[in-house]
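Reader: I should like a close look at a single part of this model, with its aromatic and charged side chains described first and its surroundings afterwards. Please set that part in the context of the whole chain.

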Amino acid sequence: MVCLEVKILSWDDVTSAASKVADRIRDTGYEVDAVVGILRGGIIPAMLIADILGVESIGVMDIKFYQAPGVRRERPYLKQPLILPVRDASLLVIDDVSDTGLTLQVALDVVRHHAPRSVRTATLYIKPWTRLIPDYYAEITDKWLVFPWSLWEYRRYEERRESQG
């Protein structure tokens with residue numbers, strides 16, 4: 001069992017982080033043609049950032065890595081491929097957090113097979129130990145983050161853990 005310090009994020013935390021990321025993208029002048037959100041956690045940040053930037057073309061891919069807080073599979077795997085046509089597009093691949101960086105790396109490997117003109121990455125948060133620092137992020141944290149869209153999942157996990165001892 002892994003004991004982690006937990007930070008439960010509010011919707012205001014998320015929208016503030018998404019705004020910071022969007023501002024940083026604008027500041028670099030990167031023109032985004034399409035956004036790709038990594039399911040599950042990256043889809044809401046992808047929608048928020050796309051909305052802020054005025055990007056209408058949004059796709060998703062599902063990459064699984066975590067099984068529970070602090071519990072990972074051996075490596076991430078692609079569960080649902082990208083079906084958005086992105087050939088010659090300037091892409092922004094978005095996830096909620098870059099912990100190890102392995103999920104983002106898998107996403108980059110997948111989208112590069114679709115021959116985009118350029119690819120950049122963004123997350124709301126990064127961990128200090130991540131192996132892949134995204135091009136854009138809002139904050140660095142070493143806490144286990146509980147996003148508003150996974151609060152109930154986290155509560156069920158905590159209930160199971162407490163009932164086991």
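Author: In this predicted model, the charged end of Arg-155 is placed over the ring of Trp-152, at 4.4 Å from the ring centre. Trp-152 is one of the exposed residues on the face of helix 4 that is turned away from the buried side, and Glu-159 and Ser-163 are exposed on that face as well.

The opposite side of helix 4 may be described next. Its buried residues are Leu-151, Tyr-154, Tyr-157 and Glu-158. Viewed down the axis of helix 4, these buried residues fall within an arc of 120°, and they therefore line one face of the helix. The general geometry of helices is relevant here. An α-helix has 3.6 residues a turn, so residues three or four places apart point the same way. Tyr-154 and Tyr-157 are three residues apart in helix 4, which comprises residues 151-163, and about one helical turn separates them. As for length, the 13 residues of helix 4 should span 18 Å at 1.5 Å a residue, and the end C-alpha atoms are 18 Å apart, in agreement with that expectation.

The aromatic side chains deserve separate treatment. Four aromatic pairs are found when the whole structure is searched. One of them is formed by Phe-147 and Trp-149, which are stacked, with 4.8 Å from centre to centre and 15° between the planes. The two partners differ in exposure: Phe-147 is buried, at a relative accessible area of 3%, whereas Trp-149 is partly exposed, at 22%. Tyr-154 and Tyr-157 of helix 4 also form an aromatic pair, a tilted one, with centres 6.4 Å apart and 35° between the planes. Both tyrosines are on the buried side: Tyr-154 has a relative accessible area of 15%, and Tyr-157 has a relative accessibility of 12%. Each is counted as buried because the cut-off for that class is under 20%. Ring pairs also join Phe-147 and Trp-149 to Trp-11 and Tyr-125 in a cluster.

Helix 3 offers a second example of a buried side. Its buried residues are Thr-103, Leu-104, Ala-107, Leu-108, Val-110 and Val-111. Around the axis they cover an arc of only 165°, which puts them on the same side of helix 3. Leu-102, also found in helix 3, is instead partly exposed, with 24% relative accessibility. The C-alpha atom of Leu-102 is separated by 7.5 Å from that of Arg-131, although the two residues are 29 apart along the chain.

After helix 3 (102-112), a loop leads to strand 6 (118-126), and Ala-115 lies in this loop. Ala-115 has a positive phi of about 60°, although it is not a glycine. Its relative accessibility of 29% makes Ala-115 partly exposed. A positive phi is also found at Asp-88, again a residue other than glycine, with a value near 65°. Asp-88 is placed in the loop between strand 4 (71-80) and strand 5 (90-98), and it is exposed, with a relative accessible area of 51%. A further backbone feature is the cis peptide bond that joins Leu-39 and Arg-40, with omega at about 0°. Arg-40 belongs to the loop between strand 2 (34-39) and helix 2 (43-53).

The whole chain provides the setting for these details. It contains four helices and eight strands, and from the N terminus on its elements follow the order β-α-β-α-β-β-β-α-β-β-β-α. The radius of gyration is 16 Å, close to the 15 Å given by the globule rule for 165 residues, so the chain is as compact as a globular protein of that length. Along the principal axes, the C-alpha atoms fill a box of roughly 55 × 30 × 25 Å. Of the 165 residues, 46% count as buried. Among contacts in the chain with a separation of 6 or more, 67% are between residues 24 or more positions apart.

Definitions and conventions:
Residues are numbered from 1 along each chain as its sequence is written. This is a predicted model: local features need pLDDT of at least 70, side-chain atom pairs count only at pLDDT 80 or more; totals for chains, interfaces and linings use all residues. Side-chain values use heavy atoms; hydrogens and water are left out. Rings of Phe, Tyr and Trp (its six-membered ring) pair if their centres lie within 6.5 Å; planes under 30 degrees apart count as stacked, over 60 as edge-to-face and the rest as tilted. Buried means under 20% relative accessible area, exposed over 50%, partly exposed in between (1.4 Å probe, protein chains only). Helices (H or I, at least four residues) and strands (E, at least two) are DSSP runs, numbered from the N terminus. A charge sits over a ring if NZ of Lys or CZ of Arg is within 6 Å of the ring centre and within 35 degrees of the ring normal. The expected span of a helix is 1.5 Å times one less than its number of residues. The arc is that of the directions from the helix axis to the C-beta atoms. The radius of gyration is taken over C-alpha atoms; the globule rule is 2.2 Å times the number of residues to the power 0.38. Contact means heavy atoms within 4.5 Å.
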